[in-house]
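Subject: A structure for you to look at

Hello,

I am passing a structure on to you, and I hope you enjoy looking through it. Please open it first and keep it beside you as you read.

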Amino acid sequence: MQNLIKGTSLNKAQAAINQHLPLPHATELPRSYKRIFLGNQNPTALLDCYPEVMESVFYMCGHMFADGVIHLDGGLKEDRSFFRGTRSAVRIKGELTDWFDVNSGTGQGDIQGPPVFNFCLNFATFLAETNKIISKGAVLQKGNMKVEEKVILDTDYADDMAILDNSGEGLQESTDLLAHYSSYAGLKINAKKTQCKAVSKCASQRPFIRGDCIELSVGGEPVEQVSNFVYLGATISGNGTIDRDLDVRIQKANGAFHQLWKIWNSRTIRTPTKIRIYKAAVLTILLYGAEVWNTTKKQMKRFEVFHQTSLRRILRIKWFYHVSNEEVLRRAGIKPVETFISAARLRWYGHVVRMPDYRIPKFLLNWKPNYGKRSRGRPRKDWKSCVLEDAATFTGVKDINNSKTETLAANRVQWRNMLRRQRDVCDAGHSND
């Protein structure tokens, strides 16, 4: 079925069949509104300049409509005419139903909703960023005569947004500005679904120390402070470790494994088929987000315990059979979990190395803070050290260093071929390495 929308400037003969806003055009929206609104920072900028922006948006996707279709006469009339007071019909197998009135406007599931929502949220974030006074966000690198200042304010995916700052006052300012400018587009922050978290070595346990306490509110409602929260499926801990995320991954993978218990106990399904189902339905859940894990030997051992337990149940190997772990892997035709994690890390490392220098992941790859003081004790194992160990295993070069690894990863064809060859040997990675 295809929806046909009829607005004030459309008729039945000029109905828009394809309403999709192409992804390349959607990605250009932030650049467009930054050019238009750079010199207008008053609170009513969104309402005053909205027709001009929407005109550029509809001009970009005007090829999908007949004769320009949209006519703007000020205010938000063009938005209302596009979503409200319209008439629609449904095409089924080439035939149209009767035309009916549309009164609900755009909502969740509508084709027009995502581009309009992304534009409004991105523009509200832009205004909040440009009108901040207390701070600019989380400072990754202080500027001086030799280096440029690097600041990151937010990371967002669709409607999941994380605001970053170095102080509680700056975080409150960013929240207030975002709530203020989002209200012009009818967007409201849900305080009950919002959480705040301090990042420090002591922030993973309650009660929080004085320096890790955050008093944040949204519209007068207090925001809950937590030790860890889930963002894009990954559990982020306040102390910067991945232990909590590993606990969640093992629990979810264990649940998925037990849901397929009938398959593991089936006498009619061959063992190779069971192993393929295990890799597709269980290992993918277990290793979600493994590309950015800085794992230690202790954490790897936890994965191997789950891996061995699952394989022994699939292969019906009892504990009193005294079968070694290497023999279990040989019978299953699969490699240790560490090999899968290493392949995922190297695959993501290759993507980051080939990114432009202005991208945040590329900047963080070789990031060394030029301010602050490291706490006492042994430094934690970082992600790049894990990558060097993985590269030494996959390339066979024991004394490989950062420069050699970056040189290999910069050649996309050579890097992919190396991962594919190792995948054929160790059965790790996937088809689009």
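Below is what was found in it, from the whole chain down to single residues.

Please keep in mind that this is a predicted model.

The chain as a whole

The protein chain holds 16 helices and 14 strands. Of its 433 residues, 39% are buried. Among contacts with a separation of 6 or more, 61% join residues that are 24 or more positions apart. The chain exposes about 26000 Å², and 53% of that comes from carbon and sulfur atoms.

Two helices that cross

A good place to begin is the pair formed by helix α12 (residues 337-353) and helix α14 (residues 383-395). They pack at an angle of about 110°, and their axes are 9 Å apart. Angles of 65 to 115 degrees count as roughly perpendicular, so α12 is roughly perpendicular to α14. On the α12 side, the contact is made by T339, S342, A343, R345, L346, W348 and Y349. Facing them from α14 are W383, C386, V387, D390, A391 and F394. Sorted by class, the residues in this contact are nine nonpolar, two polar and two charged.

Looking at α14 by itself, you will find 13 residues that reach 18 Å from the first C-alpha to the last, close to the 18 Å expected at 1.5 Å a residue. Which residues of α14 are buried? They are W383, K384, C386, V387, D390, A391, A392 and F394. Just after this helix comes G396, with a positive phi of about 85°.

Helix α10 and what follows

Next, have a look at helix α10 (residues 297-315). Its 19 residues reach 26 Å from the first C-alpha to the last, close to the 27 Å expected at 1.5 Å a residue. The buried residues in α10 are Q299, M300, F303, E304, F306, H307, Q308, S310, L311, R312, I314 and L315. What covers them? The cover for the buried residues of α10 includes α7 (243-259), α8 (261-264), α9 (271-286), α11 (325-332) and α12. You have already met α12 above, as the helix that packs with α14.

The loop between α10 and α11 is worth a closer look. Most residues other than glycine have a negative phi. R316, just after α10, has a positive phi of about 60°, and it is not a glycine. R316 lies in the loop between α10 and α11. H322 is found in that loop too, and it also has a positive phi of about 60° although it is not a glycine. How accessible is each of them? R316 counts as partly exposed because its relative accessibility is 32%, while H322, at 70%, counts as exposed.

One buried threonine

Finally, please find T175, which lies in helix α6 (residues 168-183). Is T175 buried or exposed? Its relative accessibility is 6%, so T175 counts as buried. Leaving aside its neighbours within four places in sequence, T175 is in contact with I163, I189, L216, S217 and V218.

Happy viewing, and write back with any questions.

Best wishes

Key: Residues are numbered from 1 along each chain as its sequence is written. This is a predicted model: local features need pLDDT of at least 70, side-chain atom pairs count only at pLDDT 80 or more; totals for chains, interfaces and linings use all residues. Side-chain values use heavy atoms; hydrogens and water are left out. Axes are lines fitted to C-alpha atoms, for helices over the stretch in contact, and angles run from 0 to 180 degrees between N-to-C directions. Helices (H or I, at least four residues) and strands (E, at least two) are DSSP runs, numbered from the N terminus. Angles under 35 degrees count as roughly parallel, over 145 as roughly antiparallel, 65 to 115 as roughly perpendicular and the rest as oblique. Contact means heavy atoms within 4.5 Å. Ala, Val, Leu, Ile, Met, Phe, Trp, Tyr, Cys and Pro count as nonpolar, Asp, Glu, Lys and Arg as charged, and the others, Gly among them, as polar. The expected span of a helix is 1.5 Å times one less than its number of residues. Buried means under 20% relative accessible area, exposed over 50%, partly exposed in between (1.4 Å probe, protein chains only). Accessible areas come from the Shrake-Rupley method with a 1.4 Å probe; for residues, only the protein chains shown count as cover.
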